[in-house]
Amino acid sequence: MGTGEWVLFSAHLPERKPVPIGILLTDGQELHLKFRSDWTSILPNEGEIEVWRELPEDLARKGRELGATPFLAFLESTASHAVRVSERQRIEIRDFETTLSDLYEMHVMRSQQKQAFPSQA
């Protein structure tokens with residue numbers, strides 16, 4: 001299909017380690033997001049959960065408004081507190097769904113598994 005770019009979203013909550021929460025993948029035109037849905041496992045405050053649940057749709061809407069590449073630039077310049085994005089990384093895109101799922105599995109799901117089952121020292 002072609003080459004694209006992706007970033008990892010992470011939550012940086014007070015007094016907690018950063019938690020990977022989602023992936024954004026783009027070919028420069030189309031924007032695809034995949035986020036965690038298990039917010040109760042990382043958020044101690046029930047009142048915050050609804051805000052975090054709405055985050056993926058808010059990001060998707062903003063991405064449609066700005067366009068994929070300008071949206072990435074926007075995130076890189078503004079996401080610096082509770083939500084942060086990694087540096088852009090280039091990737092070969094076979095198809096969006098497969099590539100997005102693979103990235104999510106490698107960078108978000110594996111992190112969840114490590115947190116749930118920390119290795120024994």
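1. Leu55 makes contact with Ile21, Phe35 and Val83, once residues up to four places away in sequence are set aside. The model is a predicted one. Leu55 sits in helix α1 and has a relative accessible area of 15%. Because buried means under 20% relative accessible area, Leu55 is classed as buried. A far-off pair for the same residue is Leu55 and Ser111, which are 56 residues apart in sequence, with their C-alpha atoms 20 Å apart in space.

2. Ile21, one of the residues that Leu55 touches, has a longer list of its own. Not counting residues up to four places away in sequence, Ile21 touches Phe9, Ser10, Ala11, Lys34, Phe35, Arg36, Trp39, Ile42, Trp52, Leu55 and Val108. Phe35 is thus on the list for Ile21 and also on the list for Leu55.

3. Trp52 is another residue of helix α1. Its relative accessibility is 9%, and because the limit for buried is under 20%, Trp52 counts as buried. Beyond four places in sequence, Trp52 touches Ala11, Leu13, Ile21, Trp39, Leu43, Ala82 and Val83. For Trp52 and Ile21 the separation is 31 residues in sequence and 9.9 Å in space, taken C-alpha to C-alpha.

4. On the nonpolar cores: the largest has 20 residues, and of these Phe9, Ile21, Trp39 and Trp52 touch the most other members. At least two residues of this core come from each of β1, β2, α1, α2 and β4 (83-85). Helix α1 gives the most, with four residues. There is also a second, separate core of eleven residues, and Leu8, Leu103, Tyr104 and Val108 are included in it. Val108, a member of that second core, is among the residues touched by Ile21.

5. How are α1 and α2 placed relative to each other? Helix α1 covers residues 46-66 and helix α2 residues 68-78; they pack at an angle of about 125°, and their axes are 7 Å apart. The two helices are therefore oblique to each other. The crossing in which α1 passes α2 is right-handed. On the α1 side the contact is made by Leu59, Lys62, Gly63 and Leu66, and on the α2 side by Ala68, Pro70, Phe71, Phe74 and Leu75. By class, this contact of α1 with α2 has seven nonpolar residues, one polar and one charged.

6. Leu75 belongs to helix α2 and is one of the residues that make the contact with α1. Leu75 is buried, at a relative accessible area of 5%. With neighbours within four places in sequence left aside, its contacts are Phe9, Leu24, Leu59 and Val85. Of these, Leu59 is a contact residue of α1, while Phe9 is one of the residues that touch the most other members of the largest nonpolar core. The C-alpha atoms of Leu75 and Ile23 are separated by 13 Å, the two residues being 52 residues apart along the chain.

7. One backbone item is worth a look in the viewer. Most residues other than glycine have a negative phi. Glu15 is not a glycine, yet has a positive phi of about 60°. Is Glu15 buried or exposed? Its relative accessibility is 85%, so Glu15 counts as exposed. Glu15 is placed in the loop between β1 (2-11) and β2 (19-26).

Key:
Residues numbered from 1 in each chain as written. Predicted model: local features only at pLDDT ≥ 70, side-chain atom pairs only at ≥ 80, totals over all residues. Heavy atoms only, no water. Buried < 20%, exposed > 50% of the residue type's maximum accessible area, 1.4 Å probe, protein only. Axes fitted to C-alpha atoms, helices over the stretch in contact; angles between N-to-C directions. Parallel < 35°, antiparallel > 145°, perpendicular 65-115°, else oblique. Left-handed = near helix turned anticlockwise from the far one by under 90°. Contact = heavy atoms within 4.5 Å. Nonpolar A, V, L, I, M, F, W, Y, C, P; charged D, E, K, R; others polar. Core = buried A, V, L, I, M, F, W, Y, C linked by side-chain atoms within 4.5 Å.
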